[in-house]
Amino acid sequence: KTTRLPPPAVINTSPPVEQKDKPIAIYDFGIANGLPAKFITSLIRDRNGLMWIGSREGIFRFDGEHIYTFLPGPILPFIAGMAEDNKGRIWYIDAGGIGMIDPQRSVGNFSGRLTAVPENITKIFKDDKGLLWLYNFSDKAVSVIDPETLTFKNITVKQGLSDSSFFQAEQD
């Protein structure tokens, strides 16, 4: 399903706050800075250096001064993974399906055909050819998406994926 996205809502933010005397955190950026997300579940940096933030509250882009809301929440359970394709489109997955945001054309696509594991973070990986790889909970497979043709193929036990053998017990 393809939809025209409304112009993103813009939120002025304060800069990240340096965290002193903490062993891991270097900077803190959250609700106090204007980010409307309580818990960040996915984070990527795009080819322009902008940060894309996924959460239950939506998908946001941070440019250092402003937060742009591209996909408002609630997203249940949450954005489980994100990746950028070679055209600068942002792909995301959640338990309900997979989507793609094209910020240059203000268009969004969504399909319930590929889904993430509910209540689990899912990694989307872009390979050297520009193909996107992810675990597809719906089909119990690794799905390989071609962003150019907007098609995908599944790799399952039948195609020799040995690491998914534990799913056979669920199906028997």
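Here are a few exercises with worked solutions on the structure above, which is a predicted model.

**Exercise 1. Work out whether I59 is buried or exposed, and which residues it touches.**

Step 1: Find its place in the chain. I59 sits in strand β7, which covers residues 58-62.

Step 2: Check the accessibility. The relative accessible area of I59 is 0%. Buried means under 20%, so I59 is buried.

Step 3: Look at the neighbours. Leaving out residues up to four places away in sequence, I59 touches W52, I53, Y68, T69, F70, L71, I79, M82, Y92 and I101.

Step 4: Try a distance. I59 and P74 are 15 residues apart in sequence, and their C-alpha atoms are 10.0 Å apart in space.

**Exercise 2. Now do the job for E65: is it buried or exposed, and what does it touch?**

Step 1: Locate it. E65 is in the loop between β7 and β8, the latter being residues 66-72.

Step 2: Read the accessibility. E65 has a relative accessible area of 53%. Exposed means over 50%, so E65 is exposed.

Step 3: List the contacts. With residues up to four places away in sequence set aside, E65 touches I11, N12 and T13.

Step 4: Go for a distance again. E65 and K38 are 27 residues apart along the chain, and 19 Å separates their C-alpha atoms.

**Exercise 3. Find how many salt bridges the structure holds, then look at the partners in some of them.**

Step 1: Recall the basic idea. Side chains of opposite charge can pair when their charged atoms come close.

Step 2: Get the total. There are 5 salt bridges in the structure.

Step 3: Take R89 and D85. The closest N and O atoms of this salt bridge are 2.6 Å apart. R89 has 7% relative accessibility, so it counts as buried. D85 is buried as well, at 1%.

Step 4: Move on to D102 and R105. Their side chains meet in a salt bridge at 3.4 Å, N to O. Here D102 is buried, with a relative accessible area of 5%, whereas R105 counts as exposed at 53%.

Step 5: Finish with R113 and D139. In this salt bridge, the closest N and O atoms are 2.8 Å apart. R113 lies in the loop between β12 and β13, and D139 in the loop between β14 and β15, so the pair ties together parts that are 26 residues apart in sequence. R113 is partly exposed at 42%, and D139 is partly exposed at 24%.

**Exercise 4. Trace the open sheet of 4 strands and say which are its edge strands.**

Step 1: Write down the order. The strands run β13-β14-β15-β16, with antiparallel pairing.

Step 2: Pick out the edges. β13 and β16 are the edge strands, because each pairs on one side only.

Step 3: Zoom in on one pair. β13 and β14 are antiparallel and pair over 2 bridges. Within β14, L132 is the bridge partner of K126.

**Exercise 5. Describe how β5 and β6 are joined, and what is notable in the turn.**

Step 1: Count the bridges. Strand β5 (residues 40-45) and strand β6 (residues 51-55) run antiparallel and are joined by 5 bridges.

Step 2: Find a facing pair. I44 stands opposite W52 in β6. You met W52 in the first exercise, among the residues that I59 touches.

Step 3: Inspect the turn. β5 and β6 form a hairpin with 5 residues between them, and G49 in the turn has a positive phi of about 85°.

Methods. Residues numbered from 1 in each chain as written. Predicted model: local features only at pLDDT ≥ 70, side-chain atom pairs only at ≥ 80, totals over all residues. Heavy atoms only, no water. Buried < 20%, exposed > 50% of the residue type's maximum accessible area, 1.4 Å probe, protein only. Contact = heavy atoms within 4.5 Å. Salt bridge = Lys/Arg side-chain N within 4 Å of Asp/Glu carboxyl O.
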